[in-house]
Amino acid sequence: MRYFPSTLSEEKTGAFFNRIKGEFGRRGWGLYAVELKSTGTFIGYVGLHEIGFPADFAPGIEIGWRLAADYHNQGYATEAATAVLSLAKTAGIGRLYSFTAKQNLPSERVMMKIGMTKAGEFEHPSLPAESPFRTHVLYRIDL
């Protein structure tokens, strides 16, 4: 969570989990658990998520990922995100966005590796003006 302002409280974690479950119920897709094939160890998630804040590119659908730090820089996010792109295309989704704090170069590299194009930068409306993570890069891909 290096590029996030804080970790989520138990209450906010529960609300996020319920939002994910709701997306699966309404849309048939969402944020998927990622586990190591060799051991079944849960290492994070990759998937699709409705953009939940006001922005020029919302409403829209985000492709996103969060993996445990021990599993960064091993190709897992790129491999899983590539599979999610195929799923999104099959589901008839025409465009996806991805975004992260400007400092999060590893995540931005995943966006580039899966064929996304930089669409610009924006100030994340959910973060206070003084947050060092307020400026985000925005990528998109048309499927």
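**View 1. Lys37 and its salt bridge to Glu79.** In this predicted model, Lys37 counts as exposed, because its relative accessibility is 79% and the bar for exposed is over 50%. Its side chain meets that of Glu79 in a salt bridge, at 3.7 Å from N to O. Glu79 is partly exposed, with a relative accessible area of 46%. The two come from distant parts of the chain: Lys37 is in the loop between β1 (31-35) and β2, Glu79 is in helix α2, and their positions lie 42 residues apart in the numbering.

**View 2. Arg95 and Asp142, a salt bridge between two strands.** Here the N to O distance is 2.6 Å. Arg95 belongs to strand β4 (residues 95-101) and Asp142 to strand β6, so to speak two distant stretches of chain, 47 residues apart. Arg95 is partly exposed at 34% relative accessible area, and Asp142 also counts as partly exposed, at 44%. **View 3. Strand β6 and its two neighbours.** β6 pairs with β4 in the antiparallel sense, over seven bridges. Strand β5 (residues 117-123) pairs with β6 too, again in the antiparallel sense, over six bridges. Where does Arg140 come in? Arg140 is the bridge partner of Tyr97, and Thr117 stands opposite Arg140 as well. For orientation, the side chains in a regular strand alternate between the two faces of the sheet.

**View 4. Glu121 with Lys118, and a small network elsewhere.** The side chains of Glu121 and Lys118 meet in a salt bridge of 3.5 Å, N to O. Glu121 is partly exposed at 41% relative accessible area, and Lys118 counts as partly exposed at 41% too. In another spot, Arg26, Arg27 and Glu50 are joined into one network by salt bridges that share partners. The whole structure has eight salt bridges.

**View 5. Glu62, a buried acid with no salt bridge.** Glu62 sits in strand β3. Which side chain of opposite charge is nearest to Glu62? That would be Arg19, and at 6.6 Å away it leaves buried Glu62 without a salt bridge. As for what Glu62 does touch, setting aside residues up to four places away in sequence, the list is Gly47, Leu48, His49, Ile51, Tyr97 and Phe99.

**View 6. The largest nonpolar core.** This core has 26 residues, and the ones that touch the most other members are Val46, Leu48, Ile63, Trp65, Leu96 and Ile114. Two or more residues each come from β2 (42-50), β3 (61-67), α2 (76-90), α3 (105-113) and β6 (135-142). Which element gives the largest share? It's α2, with six residues.

**View 7. Zooming in on Ile63.** Leaving out residues up to four places away in sequence, Ile63 touches Gly47 and Leu48, then Ala81, Val84 and Leu85, then Leu96, Tyr97 and Ser98, and finally Ile114 and Met116. A second core, separate from the largest one, has seven residues, among them Phe53, Phe57, Phe99 and Leu138.

**View 8. Phe16 and Tyr45, a tilted ring pair.** The structure holds 10 aromatic pairs, and this is one of them. The ring centres of Phe16 and Tyr45 are 6.2 Å apart and the planes meet at 55°, so the pair is tilted. Phe16 is in helix α1 (residues 10-27) and Tyr45 in strand β2, 29 residues apart, so this pair links distant parts of the chain. Tyr45 counts as buried, at 16% relative accessibility.

**View 9. Phe57 and Phe122, edge-to-face.** These two rings form an edge-to-face aromatic pair, 5.0 Å centre to centre with 65° between the planes. Phe57 lies in the loop between β2 and β3 while Phe122 is in strand β5, so the pair ties together parts that are 65 residues apart in sequence. Buried or exposed? Both Phe57 and Phe122 are buried. Pull back a little and the ring pairs link Phe53, Phe57, Tyr97, Phe99 and Phe122 into a cluster. Two of these names have come up before: Tyr97 as a contact of Ile63, and Phe99 as a contact of Glu62.

Key:
Residues are numbered from 1 along each chain as its sequence is written. This is a predicted model: local features need pLDDT of at least 70, side-chain atom pairs count only at pLDDT 80 or more; totals for chains, interfaces and linings use all residues. Side-chain values use heavy atoms; hydrogens and water are left out. A nonpolar core is a set of buried Ala, Val, Leu, Ile, Met, Phe, Trp, Tyr and Cys residues joined through side-chain atoms within 4.5 Å. Buried means under 20% relative accessible area, exposed over 50%, partly exposed in between (1.4 Å probe, protein chains only). Helices (H or I, at least four residues) and strands (E, at least two) are DSSP runs, numbered from the N terminus. Contact means heavy atoms within 4.5 Å. Lys and Arg count as positive and Asp and Glu as negative; His and the chain ends are not counted. A salt bridge is a side-chain nitrogen of Lys or Arg within 4 Å of a carboxyl oxygen of Asp or Glu. Two strands pair if DSSP finds at least two bridges between them. Rings of Phe, Tyr and Trp (its six-membered ring) pair if their centres lie within 6.5 Å; planes under 30 degrees apart count as stacked, over 60 as edge-to-face and the rest as tilted.
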